[in-house]
Every structure is written in C-alpha cells, then in structure tokens.
There are 2 protein chains.
Amino acid sequence: MSIENLSREKLLELFNEELRNFSTETIMFHQNVAEKLGLNSTDHKCLDIILQNYPMTAGKLAEMTGFTTGAVTGVIDRLEKASYVYRDKDPNDRRRVIIHVNLEKVEKEILPVFTSFSQSIRELFEKYNDQEIKFLFDFLVRSRAILREESKKLR
Amino acid sequence: MSIENLSREKLLELFNEELRNFSTETIMFHQNVAEKLGLNSTDHKCLDIILQNYPMTAGKLAEMTGFTTGAVTGVIDRLEKASYVYRDKDPNDRRRVIIHVNLEKVEKEILPVFTSFSQSIRELFEKYNDQEIKFLFDFLVRSRAILREESKKLR
DNA sequence: TATTTTATCTCACGAGATAAGATATTTATT
DNA sequence: AATAAATATCTTATCTCGTGAGATAAAATA
C-alpha cells in the first residue's frame, strides 16, 4: 500500500508514527556518537552545550542542563580528564570557574565522527531548493515550539 | 535578519542548527513525559518499545534496547511493580518470559499526558494539505534513514 | 569589618547498568 | 533415553553517576 492512496486520517497516523520513529532514531544516534567518543550521554550532551556557549561558567552549565552543581562538577571533571575542556578561574570573580574548550582535541576527535553524517545530510539537502528548505525549516520551528510548549505544561 | 534573504550556505547552516535544536527539544520532551509518569528515562523508553511490540519476550527487549538481560530484568520489575506490564511464561517455551501490557493502566495514565500534545500536533497538521504532509513525511523518512545508516557506521 | 550571598566543590548515599555466573528449560548428540 | 550443549532469564557483586546537604572561598552588602 503506497502512501499516495491513503485517507487523510491514515496519512496523519502514519506521519505521527514516523515522527515518533524519527525521534527514537535521533536519540539512538546521539547515544552512539557519545559511545564512539568514549563519553556517557550526559557528558556528551554537556560538551555539546559547552561547544555552543564557551567560554561559560560551571554554574551556567548547571542552569542550562538542570543538573545540580555537584553533578556538573563531575561532568567537568570527566570532560577535563578526557581533555575536551579545561577549567580556568574567572579573574574578575575568582569564585567562578570558566569552562574553556580544547579546540584541537575537539576537532581531532569529534569532527571525524560527524564527517560522514554531515556529508549525507548535505547530499539530502541538495535534493531541495531554497523554497523547500524554508518550508521544512518552518515545519521544524513550529513543531519544536509545540514540543517546548508541551514540555512546559508537563512540569 | 529574515530567513527570506539568506544565502544558500547560510540557510543550510540555519537549518542544521534547527535540526539540532529540534532533536534536543525532542529528547527533553521525552524526559519530561517520563518524569510525569513517574518513570525513569530507561523505563519509559522500554515501555514505549513494549507498547509497539507486545506481547514480546524479555530477551527481545534486551536485544532492541541494547541493554544486558540483567538490566532488562530490572526494567520489567519496575514496570510490573508500577502495573504497566505483567510477566507471563511462554507455554511453548517455559524459559521465555512474555511481557504483556496492562492496557487499562496505560490508557488511564499515559494517554492523558499526550492529549494536549496530540491536539497541538493535529492543529499544526491542519495547516498542511495532503501533498505537503507527504513532502514532510518523505523528508523525515530520508533523514531517519541517514540517522540509522550513520548510527550503524558508528558501531 | 562583619554578615550575607554566591559559585563551586566534597561526600555519603541511592538508583540503575554491567559482567559473571546460577538456574531452569529446551534442543542436540550419542 | 540419557547426557551434553545451548538458550532465556534471573541473581549478585561491583561500578558509575546523580542528588542533597553541607563545606569552602570569594564577593557583595551593611
């Protein structure tokens, strides 16, 4: 049975299921990346956040992840031990710990893991023109807004 | 700066970032659902898999999740204690443990959590005609195939 | 200066995952 | 049929990591 001949209702059902599978696959991909890097999921997620926000304080990382400061200390310990990041005291406020990224290590270890993925995604993108990309982008933005809104309602 | 006037390169960058944010938000949504249900992430994920595959054996769950059989025993113990599922011996092979779902409990506890979410998704869908849904569906399928393929390469 | 607040770290504890091996049952071999 | 091997699940010791409470050090405030 092709997707072409489905009723609207069936189509939406199928789409919902695909969305669900997509998110499962996304989660598994991230787990596999983490494992490949020798990091647990938590540390990988934190490193991801750090890479998008460095230099940043330990407290900011705790705030953004929802972890306790004690847990964050452990995360930074492990990431520092694996030499992905290093600590530095904030000269203006010596209570603060600034997390810096060891870019050389990141580029050497992490980029290769994503090379093949990035390439495949690029190839996929090539199938779409600008207008289509914008259409897909808009869908993602709307969906994400729903996810965020519904997450908030659950808390 | 509107998305309308971006170069192709910038557009793809933005899209990539949105994909990344989308997956982060997805993961957080699932965590929040689990918390709302009083389950840890692992148990929630497993329950999800069970719901899509029941009745199924404990071993199959171990295989599908990648957990050890020992860990799966713990998962089923907790899900059974929370009365989402129950164990049954396979009459044809009494070594096997069949996991059954307590549908009454699932409908009572889990469906309400998704009611608002489903409603919002429905409303989003109403913005799209069948052809557009199929276009989005196709994109998700292709993206998921890439995720699956790249996950495999990492192992 | 003394007090309070802030940022991070330490530590005891608990949840949950693994690895190895025990147990029960089925399948294969002689 | 009896014995051995394989299979499915569970048990247990051990390890990792997150939390909560409180310690420590620096900064802000009175």
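**Exercise 1. Find how much area is buried between chain B and chain A, and describe the contact.**

Between chain B and chain A about 6900 Å² is buried, with 67% of this area coming from carbon and sulfur atoms; buried area here is the accessible area (1.4 Å probe) that two parts lose on being put together, summed over both. The structure is a predicted model, in which local features need pLDDT of at least 70 and side-chain atom pairs count only at pLDDT 80 or more, while totals for chains, interfaces and linings use all residues. Residues are numbered from 1 along each chain as its sequence is written, chains are lettered from A and ligands numbered from 1 in the order in which they are written, and side-chain values use heavy atoms, with hydrogens and water left out.

The next step is to count residues: chain B gives 62 residues to the contact and chain A gives 62 residues, where contact means heavy atoms within 4.5 Å.

**Exercise 2. Identify the salt bridges across this interface and the elements of chain B that take part.**

Eight salt bridges are found across the interface of chain B and chain A, each being a side-chain nitrogen of Lys or Arg within 4 Å of a carboxyl oxygen of Asp or Glu. One of them joins Glu18(A) to Arg144(B), with the closest N and O atoms 2.8 Å apart.

On the side of chain B that touches chain A, at least two residues each come from helix 1 (8-36), helix 2 (41-53), helix 5 (103-125) and helix 6 (130-154) of chain B; helices are DSSP runs (H or I, at least four residues), numbered from the N terminus. Helix 1 of chain B provides the largest share of that side, 23 residues.

**Exercise 3. Decide whether Glu18(B) is buried or exposed, and list its contacts.**

Glu18(B) belongs to helix 1 of chain B. Because its relative accessibility is 4%, Glu18(B) counts as buried, the class for residues under 20% relative accessible area (1.4 Å probe, protein chains only), with exposed over 50% and partly exposed in between. Apart from neighbours within four places in sequence, Glu18(B) contacts Phe137(A), Leu140(A), Val141(A) and Arg144(A).

**Exercise 4. Describe the surroundings of DNA strand D.**

DNA strand D is surrounded by 20 residues, the closest being Asn40(A), Thr42(A), Gly59(B), Arg87(B) and Arg95(B). Of the atoms of DNA strand D that come within 4 Å of the protein, 75% belong to sugar and phosphate.

Individual atom pairs complete the solution: a polar side-chain atom of Arg78(A) is 3.1 Å from a phosphate oxygen of DNA strand D, whereas a polar side-chain atom of Thr69(B) lies 2.9 Å from a base nitrogen of that strand.

Key. Near = heavy atom within 4 Å. Polar contact = N/O pair within 3.5 Å; in protein donor to acceptor, adjacent residues only side chain to side chain.
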